[in-house]
Amino acid sequence: MRRRELLKSGLAATLALRGITLVNAQERERAQAGEDRASWVGMLDRLCRPLFEALSERKLKVVMPVEASAGEQQHRRQTTYLEALGRALAGMAPWLEHGATTGAEGELRARYCEWARAGIASAVDKKSPDYMDFGGDRQTIVDTAFFSLAMLRAPRELREKLPAGVRGQLADALRATRIQTPAFNNWLLFAATIEAALFALGESWDRVRVDYALREHATWYVGDGVYGDGPHFHQDYYNSFVIHPFLLMLMDGVGKQDAAWAAMANDIRLRATRYAAIQERMIAPDGTYPIVGRSIAYRCGAFHLLADAALRDVLPAEVAPEQVRGALTAVMRRTLGAAGTFDEKGWLRIGLAGHQPSLGETYISTGSLYLCTAAFLPLGLGSADRFWSGAAAAWSSVKVWSGADTKLDHALGGERAV
């Protein structure tokens, strides 16, 4: 009898210990998820604080350094400030719209919302020392489009809360870019997105620019989730930097305004989901990825589409949101954590993993670099969303290179659809 009691008490103790261990593990997992979000918010703040503090005081053109290729600095001064504002806003917009409203994160977000609106007001006011000369250079098509993307991602914070006078100046600024002709490549999507923003503002808009961009990109699709950048394929990250995210937003913004456009929506989404699968597999166990193609100095912005797919909940079925969190966190730490990434006053410098000026093309300048904020889109998901609350999970390359048995990858339209 005593032996049976001892066995029972031992079993009970074992089960209790396992329960404690399980609870502790769950607590650690929840803590890790919270730490990841706090880490992202901290990185975004470090990236954007110098920019938005200067903008709020209308001193951006005075204090922001302009790093560029030899002989390009003066030219880039015409556009680099709009690049910085448009790109930073495009990446942080979902957080501004849907981020925390309480606690330290909520206080920080509220401050950035105020700074962002002040920055927009300054940028579109022709009397402001930080007026950004929309339409004054061809490059302004690009960054007015990122600016537009931000407004479409955060309609309440970046459009509805603007004073009526500022909204009028903003519409004038968007229209001013029409005097410039976009290049015959992904730039067609920039012109189209500006028109979508005008539509959202309740202004007259040019349907032809939207139609042209959508139809040309449909012809430039080369298969397996990949588009050519114009009539020819380029091995680079422009499917992620621009093509997929802008196509998805055009469907959101104006897709229902024409039956032919609406008919494209399913293919656009399926192709984006497939490309998100490809991107997730590109990220190595240490957070590195192939250094190919143009604009590599946009750093973690190379995963704009993967971040957007997570935000939209259109990841492939076999890619868990929490593994994307881990993969993107690794990429951010590799590309933003290297020594030399920031100057002594906190401004980004040209490079991928530190300060590497030779990695910047002639069109790259300080403002261009803020496209890296595109990787932070999932901050627009609440902390209870699986992306943030799920236990840390290995991404595909971690699984494979650690010897885990992992499912095969398949092309879209191959043995199975996404």
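**Salt bridges and helix crossings**

Hi everyone, let me start with one residue: Arg-274 is buried, with a relative accessible area of 4%. Buried here means under 20% relative accessible area, exposed means over 50%, and partly exposed is what lies in between, using a 1.4 Å probe and protein chains only. A word on the ground rules: this is a predicted model, where local features need pLDDT of at least 70 and side-chain atom pairs count only at pLDDT 80 or more, while totals for chains, interfaces and linings use all residues. Residues are numbered from 1 along each chain as its sequence is written, and side-chain values use heavy atoms, with hydrogens and water left out.

So what does Arg-274 pair with in a salt bridge? The partner is Asp-409, with the closest N and O atoms 2.8 Å apart. By salt bridge I mean a side-chain nitrogen of Lys or Arg within 4 Å of a carboxyl oxygen of Asp or Glu. This pair links distant parts of the chain: Arg-274 sits in helix α13 (residues 265-282) and Asp-409 in the segment after α17 (396-401), 135 residues apart. Helices, by the way, are DSSP runs of H or I with at least four residues, strands are runs of E with at least two, and both are numbered from the N terminus. Unlike buried Arg-274, Asp-409 is partly exposed, at 34% relative accessible area.

Let's widen the view. How many salt bridges does a search of the whole structure find? The count is 29. One of them joins the side chains of Glu-157 and Arg-117, at 2.6 Å from N to O. This pair also bridges distant parts of the chain, with Glu-157 in helix α7 (residues 155-160) and Arg-117 in helix α5 (residues 103-124), 40 residues apart. Are these two buried or exposed? Both Glu-157 and Arg-117 are buried. They also belong to a network of salt bridges, in which they are linked with Glu-97, Arg-109, Arg-156 and Lys-161.

For a local pair, look at helix α8 (residues 164-176), where Arg-175 and Asp-172 are three residues apart and therefore separated by about one helical turn. Their salt bridge has its closest N and O atoms 2.8 Å apart. Arg-175 counts as partly exposed at 25% relative accessibility, and Asp-172 is partly exposed as well, at 47%.

Next, Glu-195, which you'll find in helix α9 (residues 187-200). Glu-195 is buried, with just 1% relative accessible area. Its side chain makes a polar contact of 2.7 Å with that of Arg-178. A polar contact is a pair of N or O atoms within 3.5 Å; within protein, one must be able to donate a hydrogen and the other to accept it, and residues adjacent in sequence count only if both atoms are side-chain atoms. Setting aside neighbours within four places in sequence, Glu-195 is in contact with Arg-178, Trp-205, Asp-206, Arg-209 and Val-210, where contact means heavy atoms within 4.5 Å.

Now the helix packing, starting again from α13. The axes of α13 and helix α14 (residues 304-312) come within 9 Å and cross at roughly 120°, which makes α13 oblique to α14. Axes are lines fitted to C-alpha atoms, for helices over the stretch in contact, and angles run from 0 to 180 degrees between N-to-C directions. Under 35 degrees counts as roughly parallel, over 145 as roughly antiparallel, 65 to 115 as roughly perpendicular, and the rest as oblique. Ala-272, Tyr-275, Ala-276, Gln-279 and Glu-280 in α13 meet Leu-305, Leu-306 and Ala-309 in α14.

How do helix α4 (residues 80-98) and helix α6 (residues 139-153) cross? Their axes come within 8 Å at roughly 15°, so α4 and α6 are roughly parallel to each other. Among the residues making this contact are Leu-85, Leu-89 and Ala-93 of α4, and Val-142, Phe-146 and Leu-149 of α6.

Last, two backbone details for anyone who likes Ramachandran plots. Asp-133, in the loop between α5 and α6, has a phi near 50°, a positive value in a residue other than glycine. Asp-133 is partly exposed, at 38% relative accessibility. Ser-295, in the loop between α13 and α14, has a positive phi of about 60° although it is not a glycine. Ser-295 is buried, with a relative accessible area of 0%. Thanks, everyone!
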